[in-house]
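Q: I'm new to this one and would like a close look at a single part rather than a quick tour of everything. Could you pick a spot, stay with it for a while, and then show me what else is around?

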Amino acid sequence: MCNTMDVHAKKVVTLVYGCQMSERDAETLTVISSEQGYERSGNLEDADLIIINTCCVRESAENKILGKIGELKKIKEKNPRLKIAVSGCMVQQPGVLQHLQKKAPHVDIWTGTHNIHHFAEQLVKAQAGEKVAEIWAEPDARMELPLAEKGKIKANVNIMFGCDNYCTYCIVPHVRGRERSRRPEEIMEEIRDLVANGCREVTLLGQNVNSYGREFASGYDFADLLGEVDRIPGLYRVRFITSHPKDLSDKLVLTIAAGKHLCEHIHLPVQAGSNDVLKRMNRKYTREYYLDRVEFIRRVLPECSLTTDIIVGFPGETKADFEQTLDMVRQVHYSQAFTFMYSKRSGTPAAIMPTQIPLDVKKRRLQQLMGVQNAESLAWRQKMLGKTWEVLVEGPSKTNPERMTGRTRGNELIVFAAEESCVGSLVQVRALEAHSWTIFGELV
Ligand code: SAH
Ligand code: SF4
């Protein structure tokens with residue numbers, strides 16, 4: 001008689017919502033599941049495990065995620081061996097777990113942001129038929145050792161966790177905990193290991209990278225770390241997000257200018273252009289200070305691309321306040337802006353501020369802002385035409401698979417004809433045609 005061995009390889013599908021930190025956590029969860037024998041897949045119908053790493057920064061993200069979790073119920077009815085794990089910021093919010101459990105009893109694992117390294121044990125329990133819900137109120141530093149997938153050209157590397165800034169609209173400090181920096185030696189080791197496995201570009205991640213190392217007695221800061229990472233042999237490019245304007249030092253800008261692999265791109269969220277609004281947001285800088293930082297960057301790094309985040313319709317935002325935001329966008333010449341309507345987050349001070357702005361006003365302001373920024377983005381790309389840019393080739397274009405895509409040091413997406421053997425290398429591409437989000441070019 002032959003053995004009835006189960007030859008079905010277990011499959012995991014990972015869905016991610018939100019920022020790069022969320023992506024990074026999802027990567028760690030996926031690596032843990034692969035150590036438990038799950039192979040990565042893109043097919044929900046055929047999955048044994050679906051991981052949803054969530055975001056709660058805006059209500060729209062939460063609604064989308066709840067909709068997705070709801071859809072999975074039908075898939076689970078057809079495929080009873082499927083286990084569903086929901087992790088991350090949405091689950092970590094104080095007091096929401098019970099509500100989520102009631103809404104989605106088909107979920108097997110609920111897990112927060114501070115205990116992702118317990119995922120292996122949680123999986124074992126879920127496989128044995130147990131329902132798991134584990135949310136730690138506090139992070140444990142020993143747990144914060146991110147696991148990386150091998151063989152990728154580009155990788156995200158956490159340099160710090162949490163946030164101490166408490167912008168009045170933002171839920172992040174409530175779900176990510178107090179700010180804490182990883183030791184430089186640990187970060188360097190992780191990057192060297194990534195490079196040994198084929199990685200050519202790293203993005204250093206933190207909610208406010210400019211305050212990296214604040215708790216170190218040595219005075220070692222983010223610019224020092226960047227300088228060290230720049231010298232790692234085999235690494236072509238170094239990026240970082242996010243820079244809080246209040247902590248952006250001259251030393252950092254000068255370090256980028258002196259660096260070889262440090263990309264000339266700074267994501268510098270302004271949030272609003274009016275001093276009144278900035279004050280109520282608790283951003284701790286003024287419009288004038290921000291513009292002064294921009295002026296310094298432009299002087300030291302003339303080709304530096306600046307991108308930003310902007311919120312419209314913050315409580316009490318007047319028409320005149322909003323005009324100042326538009327004016328800011330016209331003055332700075334951002335290459336790209338992520339624009340959002342203010343979303344009430346329960347437990348944050350702005351949620352109970354008087355004069356909440358009606359949805360139709362927020363929508364109108366968002367449209368107007370996007371119009372102004374789209375023109376700026378196109379003008380930025382048009383200025384790049386005719387010049388040759390260093391591009392790290394990432395792979396075939398999704399929309400045009402005969403062509404390759406890559407990014408310039410300024411993080412512009414560029415599409416061009418090249419052999420597949422170029423993937424992972426630096427090439428020179430002349431920019432020929434600018435579209436809203438992409439540039440078409442040719443190899444030089
Ligand atoms: N740490 C980063 C951003 C984290 S959240 C920083 O300080 O820049 C990403 C962006 O989401 C923020 O920059 C902000 O523009 C937006 N955001 C955060 N909370 C929001 C809210 N309640 N409503 C709308 N947008 C919000
Ligand atoms: Fe949120 Fe402000 Fe911290 Fe960014 S700096 S994560 S916007 S509290």
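A: One idea first: two strands count as paired if DSSP finds at least two bridges between them. Keep in mind, too, that this is a predicted model.

Let's settle on strand S4, which covers residues 83–88. Is it buried or exposed? Buried: that goes for 6 of its 6 residues, so S4 is largely enclosed by the rest of the structure. "Buried" here means under 20% relative accessible area.

Who are its neighbours? On one side there is strand S3, residues 49–54, which runs parallel to S4 and is joined to it by 6 bridges. You can pick out some of the facing residues yourself: Ile50 stands opposite Ile84 of S4, and Ile51 stands opposite Ala85. To get from S3 to S4, the chain passes through helix H2, residues 59–78, making a β-α-β crossover that is right-handed.

S4 also pairs with strand S5, residues 109–111, again in the parallel sense, this time over 3 bridges. If you'd like a residue to click on there, try Val86, whose bridge partner in S5 is Trp110.

Now zoom out a little. These strands belong to an open sheet of 6 strands with parallel pairing, and its order reads S2-S1-S3-S4-S5-S6. At the edges stand S2 (39–40) and S6 (132–134); each has a single partner strand, so one side of each is left without a neighbour in the sheet.

Since we're in this stretch of the chain, have a look at helix H1, residues 20–35. From its first C-alpha to its last, H1 reaches 23 Å over 16 residues, close to the 22 Å expected at 1.5 Å a residue. An α-helix has 3.6 residues a turn, so residues three or four places apart point the same way. H1 is mostly covered, with 12 of its 16 residues buried. Among the buried ones are Met21, Ala26, Leu29, Val31 and Ile32, and also Arg24, Asp25 and Glu27. Just after H1 comes Gly37, with a positive phi of about 95 degrees.

How is the protein chain divided? Into domain 1 (11–134), domain 2 (154–382) and domain 3 (388–443). The C-alpha centres of domain 1 and domain 3 lie 34 Å apart.

Further along the chain, a few backbone details are fun to hunt for. Ile241 and Thr242 are joined by a cis peptide bond, with omega about 0 degrees, and Thr242 lies in the loop between strand S11 (237–241) and helix H9 (250–258). Gln271 isn't a glycine, yet has a positive phi of about 70 degrees. You'll find Gln271 in the loop between strand S12 (265–267) and helix H10 (275–281), where it is buried, with a relative accessible area of 7%. Lys284, also not a glycine, has a positive phi of about 65 degrees and lies in the loop between H10 and helix H11 (287–300).

One last stop is ligand 2. The residues surrounding it include Cys163, Cys167, Cys170, Tyr166, Tyr169, His244 and Arg283. By class, its shell has 7 nonpolar, 3 polar and 1 charged residues.

Terms used:
Residues are numbered from 1 along each chain as its sequence is written. Chains are lettered from A and ligands numbered from 1 in the order in which they are written. This is a predicted model: local features need pLDDT of at least 70, side-chain atom pairs count only at pLDDT 80 or more; totals for chains, interfaces and linings use all residues. Side-chain values use heavy atoms; hydrogens and water are left out. Buried means under 20% relative accessible area, exposed over 50%, partly exposed in between (1.4 Å probe, protein chains only). Helices (H or I, at least four residues) and strands (E, at least two) are DSSP runs, numbered from the N terminus. A crossover is right-handed if, with the strands pointing away from the viewer, the path from the first strand over the helix to the second runs clockwise. A residue is near a molecule or strand if one of its heavy atoms lies within 4 Å of it. Ala, Val, Leu, Ile, Met, Phe, Trp, Tyr, Cys and Pro count as nonpolar, Asp, Glu, Lys and Arg as charged, and the others, Gly among them, as polar. Domain bounds come from an automatic or database domain assignment. The expected span of a helix is 1.5 Å times one less than its number of residues.
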